[in-house]
Amino acid sequence: MGFIIIGIGSITNIGLNGAILQILSHGFIGATLFFLVGTASDRMRLVYLEELGGISIPMPKNFTMSSSFSMASLALPGMSGFVAELVVFFGLITSPKFLLMPKTLITFVMAFGMILTPIYLLSMLHQMFYGYKLFNVPNTNFVDFGPRELFILICIFLPVIGIGIYPAFVLSLSVDRVYNMYIMQ
């Protein structure tokens, strides 16, 4: 969410287009991660991360989709989050409204957030899927995703990959409007 504020605050066409890309990307990825957590919690009847562990073998489809969307959330190249963060970064760097020192400070804060994101996402994946085996769990036969859930997840994953590979499709819808908005000021 900080990248959206930085993109808007850069007061450039590039930064605002990057913020729009980040809003779309965060909407797809964040909503899907909540969907994944909700369906896993519903199937396992467990809520806390400390109760989970070692479910990559009994639930391989959940593991694959959770890993894929976690990588998208930490802005892996080829995914929509990477393109959005890169465009916001270029919008900040090319902004004539800021001096070098504020740009440098904001860039270090952005880099610190980019370092923390993989730490918490990868530790969550490790705890949930590779952690200690589940003991004393009332429901030990977990049900993995069916075709309905996989269809939903794949339909959401395709735009994440599509925007990451070809962002001009989304940018072509917003570039002219953003440019006209800055001319009207």
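**Exercise 1.** In this predicted model, state in which helix G113 lies, and determine whether G113 is buried, partly exposed or exposed.

*Solution.* Step 1: G113 belongs to helix α5, which runs over residues 100–130. Step 2: the relative accessible area of G113 is 27%. Step 3: buried means under 20% and exposed means over 50%, with partly exposed in between. G113 is therefore partly exposed. Step 4: a partner distant in sequence can be added to the picture. G113 and F3 are 110 residues apart in sequence, while their C-alpha atoms are 9.7 Å apart in space.

**Exercise 2.** Locate T117, classify T117 as buried or exposed, and list the residues that T117 touches beyond four places in sequence.

*Solution.* Step 1: T117 is also placed in helix α5. Step 2: its relative accessible area is 18%. Because the limit for buried is under 20%, T117 counts as buried. Step 3: when residues up to four places away are not counted, T117 touches S73 and L74.

**Exercise 3.** Carry out the corresponding analysis for S41: find its helix, its class of exposure and its contacts.

*Solution.* Step 1: S41 is found in helix α2, which covers residues 13–44. Step 2: with a relative accessible area of 24%, S41 is partly exposed. Step 3: neighbours within four places in sequence are left aside, and S41 is then in contact with L46 and V47. Step 4: L52 stands eleven residues from S41 along the chain, and a distance of 9.7 Å separates their C-alpha atoms.

**Exercise 4.** Describe the largest pocket by its volume, by the residues nearest its centre, by the helices that line it and by the classes of its lining residues.

*Solution.* Step 1: the space in the largest pocket is about 700 Å³. Step 2: 31 residues form the lining, and those nearest the centre are H26, L33, S73, Y120 and L121. Step 3: at least two lining residues come from each of α1, α2, α3, α4 and α5. The largest share, ten residues, is supplied by α5. Step 4: sorted by class, the lining comprises 19 nonpolar, eleven polar and one charged residues.

**Exercise 5.** Identify the residues of the largest nonpolar core, name the elements that give two or more residues to this core, and examine the contacts of M79.

*Solution.* Step 1: the core consists of eleven residues, namely I29, L33, L36, M65, F69, A72, M79, F145, L153, F157 and V160. Step 2: two or more of these residues come from each of α2, α3 (60–73) and α6 (147–165). Step 3: another core, of ten residues, lies apart from this one, and its members include A40, M44, M59 and F129. Step 4: for M79, neighbours within four places in sequence are again left aside. The contacts of M79 are then S68, A72, F157, V160, I161 and G164.

**Exercise 6.** Relate the UniProt annotations "transmembrane region" and "domain: NADH:quinone oxidoreductase/Mrp antiporter transmembrane" to the helix content of the model.

*Solution.* Step 1: the unreviewed UniProt entry gives residues 20–40, 69–93, 105–130 and 150–175 as "transmembrane region". Step 2: residues 69–93 are 76% helix and 0% strand, with end C-alpha atoms 28 Å apart. Step 3: residues 105–130 are 100% helix and 0% strand, and here the end C-alpha atoms lie 37 Å apart. Step 4: the domain is listed by the unreviewed UniProt entry for residues 1–101. This span is 69% helix and 0% strand, and 23 Å separate its end C-alpha atoms.

Terms used: Residues are numbered from 1 along each chain as its sequence is written. This is a predicted model: local features need pLDDT of at least 70, side-chain atom pairs count only at pLDDT 80 or more; totals for chains, interfaces and linings use all residues. Side-chain values use heavy atoms; hydrogens and water are left out. UniProt positions are given in the numbering used here, feature names are shortened, and annotations may be inferred rather than shown by experiment. Helices (H or I, at least four residues) and strands (E, at least two) are DSSP runs, numbered from the N terminus. A nonpolar core is a set of buried Ala, Val, Leu, Ile, Met, Phe, Trp, Tyr and Cys residues joined through side-chain atoms within 4.5 Å. Buried means under 20% relative accessible area, exposed over 50%, partly exposed in between (1.4 Å probe, protein chains only). Contact means heavy atoms within 4.5 Å. On a 1 Å grid over the protein atoms alone, a cavity is a set of points where a 1.4 Å probe fits but cannot get out, and a pocket is an open set with protein on both sides within 12 Å along at least five of seven lines; lining residues have an atom within 4 Å of a point. Grid points are joined across faces, edges and corners, and a volume is the space filled by probe spheres set on the points. Ala, Val, Leu, Ile, Met, Phe, Trp, Tyr, Cys and Pro count as nonpolar, Asp, Glu, Lys and Arg as charged, and the others, Gly among them, as polar.
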